[in-house]
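Student: I have a structure to read, and I want to know how its labels are earned. Can we go through them one by one?

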Amino acid sequence: MKFTFKNKRISGILTVIPKNELRFEDEAAKFQSTPKQMKRLKAVMGFDKRRVAEAGVCFSDLAVFGLEKLFAEGVLAKADIGAIILVTQSPDYFLPPTSNVVQGRLNLPREVYCLDINNGCAGYIVGLIQAFQLLEHMTDKKVLLIAGEVAGTRRRVKPGDDTNRDLLLWGDAVSISVAENDFGGEGNPIVAGVDMDGTRWDAIVSPKVSFKKLDFGGEYISTAELRSSMNGGEVFKFTQVDVPPAIEKLIADAGKSKDDIDWFLFHQPNKFLVETVAAEMNIPLEKTPSNVVSKYGNASCATIPTNICMNLTPDILQKSFSVCMAGFGTGLTVGAMTMQIGALNFCEFAEY
């Protein structure tokens with residue numbers, strides 16, 4: 001489905017990451033694989049460091065911490081907020097929506113519209129589409145898009161469990177993006193497209209567990225209960241065959257060529273898949289960063305805003321770029337968006 005928006009912009013991005021950093025070299029010792037095998041995985045897939053929340057820390061903790069920081073710095077006011085769109089697959093609870101938890105913890109006005117969206121790797125694009133749609137009904141309010149994953153307890157590696165190497169790529173992060181109307185941006189329309197193939201829903205499946213209750217004092221939990229099940233071959237085929245043409249179609253629908261794009265900001269499940277998409281699209285790697293997962297891990301729908309904070313700051317505070325953002329994964333879903341982004345009011349990291 002195609003969407004076109006005018007007079008909308010992202011005015012700021014904050015990515016909140018846990019202080020707790022896990023290093024590949026330390027975790028690799030827990031596996032039975034040879035040092036040569038693990039060294040190759042590090043080079044190809046992008047294993048190195050990742051940030052994982054401590055046991056008992058949940059999504060709303062990072063979100064509230066980040067928003068309180070923005071309020072204290074004066075770059076965002078509670079009275080400016082008209083809606084909260086929260087995208088995650090690791091909510092505090094199944095009931096109530098975590099967006100309501102955030103609203104309540106911050107004592108925001110009761111008129112603030114709260115909506116949770118259950119989406120993963122394409123969630124940042126899906127969330128932006130919803131935010132821009134809501135702005136059609138607001139003139140003087142802003143929409144907060146809060147996207148990411150906080151499932152640190154699930155992502156602990158159990159010694160001797162050699163089936164769990166994929167956990168070494170997962171990280172936790174919560175991004176906060178401020179979307180608002182921009183009535184001077186008529187000449188820079190935003191074009192987005194989303195394709196969802198529900199016939200392959202079972203390619204990536206996660207158990208139904210309430211992450212808020214996963215506080216076991218740091219104890220390891222049964223992999224069978226918590227680990228996502230992924231059909232790696234099907235996901236790779238999807239990434240190689242379905243994702244590149246969907247992004248290319250979106251760029252064409254926006255009336256642009258790939259040469260018009262300054263930055264290709266893709267979801268980063270791992271370094272190899274990002275480079276695979278870039279190769280299939282014949283776009284230069286220097287315009288397609290793949291370094292987020294090596295430093296922070298794969299935090300699902302937070303990887304695109306993390307990409308922006310990591311690779312475009314400080315330039316994006318001063319000037320605007322033509323970007324193509326794309327997320328792909330759970331669903332199976334691919335979502336892409338072209339837009340101008342910058343000069344932002346803020347674009348930074350915060351450690352929780």
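Tutor: What follows is a set of labels, each checked against its rule. Keep in mind that this is a predicted model.

Student: What does the secondary structure of the chain come to?

Tutor: Ten helices and 15 strands. The chain has 352 residues, and 54% of them are buried.

Student: What makes N181 buried or exposed?

Tutor: Its relative accessibility is 11%. Buried means under 20%. So N181 counts as buried. N181 sits in strand β8, residues 173-181.

Student: How do you know that the side chain of N181 makes a polar contact with the side chain of K8?

Tutor: The distance is 3.3 Å. The cut-off for such a pair of N or O atoms is 3.5 Å. The pair passes, so it is called a polar contact. The N181 side chain also reaches the backbone oxygen of L135, at 3.3 Å. Leaving aside neighbours within four places in sequence, N181 is in contact with residues including N7, M138 and T139.

Student: Why is N107 called exposed?

Tutor: The value for N107 is 64% relative accessibility. Exposed means over 50%. So N107 earns the label. N107 lies in the loop between α4 and β6.

Student: What is the phi of N107?

Tutor: It is positive, about 55°, although N107 is not a glycine. Most residues other than glycine have a negative phi. N282 also has a positive phi, about 60°, and is not a glycine either. N282 lies in the loop between α8 and α9.

Student: Is N282 buried or exposed?

Tutor: Exposed. Its relative accessible area is 67%, and the cut-off is over 50%.

Student: How do you know that the peptide bond from L95 to P96 is cis?

Tutor: Look at omega: it is near 0° for this bond. P96 lies in the loop between β5 and α4. A cis bond also joins T313 and P314, with omega about 10°. P314 is in the loop between α10 and β13. Most peptide bonds are trans.

Student: Why is there no disulfide between C347 and C309?

Tutor: The sulfur of C347 is 3.7 Å from the one in C309, its closest cysteine sulfur. A disulfide needs the sulfurs within 2.5 Å. So this pair is too far apart for a bond. By this rule the count is zero disulfides. C347 is buried, at 5% relative accessible area.

Student: What makes F5 and F132 an aromatic pair?

Tutor: Their ring centres are 5.5 Å apart. Rings pair if their centres lie within 6.5 Å. So F5 and F132 pair.

Student: Why is that pair of F5 and F132 called tilted?

Tutor: The planes are 55° apart. Stacked needs under 30 degrees, and edge-to-face needs over 60. The value fits neither, so the pair is tilted. F5 lies in strand β1 and F132 in helix α5, so the pair ties together parts 127 residues apart in sequence. F5 is buried at 5%, and F132 is buried at 0%. F3, F5 and F132 form one aromatic cluster.

Student: Why is the pair of Y296 and F349 called stacked?

Tutor: The angle between their planes is 25°. Stacked means under 30 degrees. The centres are 5.1 Å apart, and the limit for a pair is 6.5 Å. So Y296 and F349 form a stacked pair. Y296 is in the loop between α9 and α10, and F349 is in strand β15.

Student: What makes F349 partly exposed?

Tutor: Its relative accessible area is 25%. Buried is under 20% and exposed is over 50%, with partly exposed in between. So F349 falls in the middle class. Its partner Y296 counts as buried, at 9%.

Student: Which residues touch the most other members of the largest nonpolar core?

Tutor: I13, Y124, F132, I308, M325 and M337, in a core of 40 residues. Helix α5 gives the largest share of this core, nine residues. Apart from it lies another core, of 27 residues, among them L14, V16, V64 and V174. In soluble globular proteins, nonpolar side chains tend to be buried together.

Note on methods
Residues are numbered from 1 along each chain as its sequence is written. This is a predicted model: local features need pLDDT of at least 70, side-chain atom pairs count only at pLDDT 80 or more; totals for chains, interfaces and linings use all residues. Side-chain values use heavy atoms; hydrogens and water are left out. Helices (H or I, at least four residues) and strands (E, at least two) are DSSP runs, numbered from the N terminus. Buried means under 20% relative accessible area, exposed over 50%, partly exposed in between (1.4 Å probe, protein chains only). A nonpolar core is a set of buried Ala, Val, Leu, Ile, Met, Phe, Trp, Tyr and Cys residues joined through side-chain atoms within 4.5 Å. A polar contact is a pair of N or O atoms within 3.5 Å; within protein, one must be able to donate a hydrogen and the other to accept it, and residues adjacent in sequence count only if both atoms are side-chain atoms. Contact means heavy atoms within 4.5 Å. Rings of Phe, Tyr and Trp (its six-membered ring) pair if their centres lie within 6.5 Å; planes under 30 degrees apart count as stacked, over 60 as edge-to-face and the rest as tilted.
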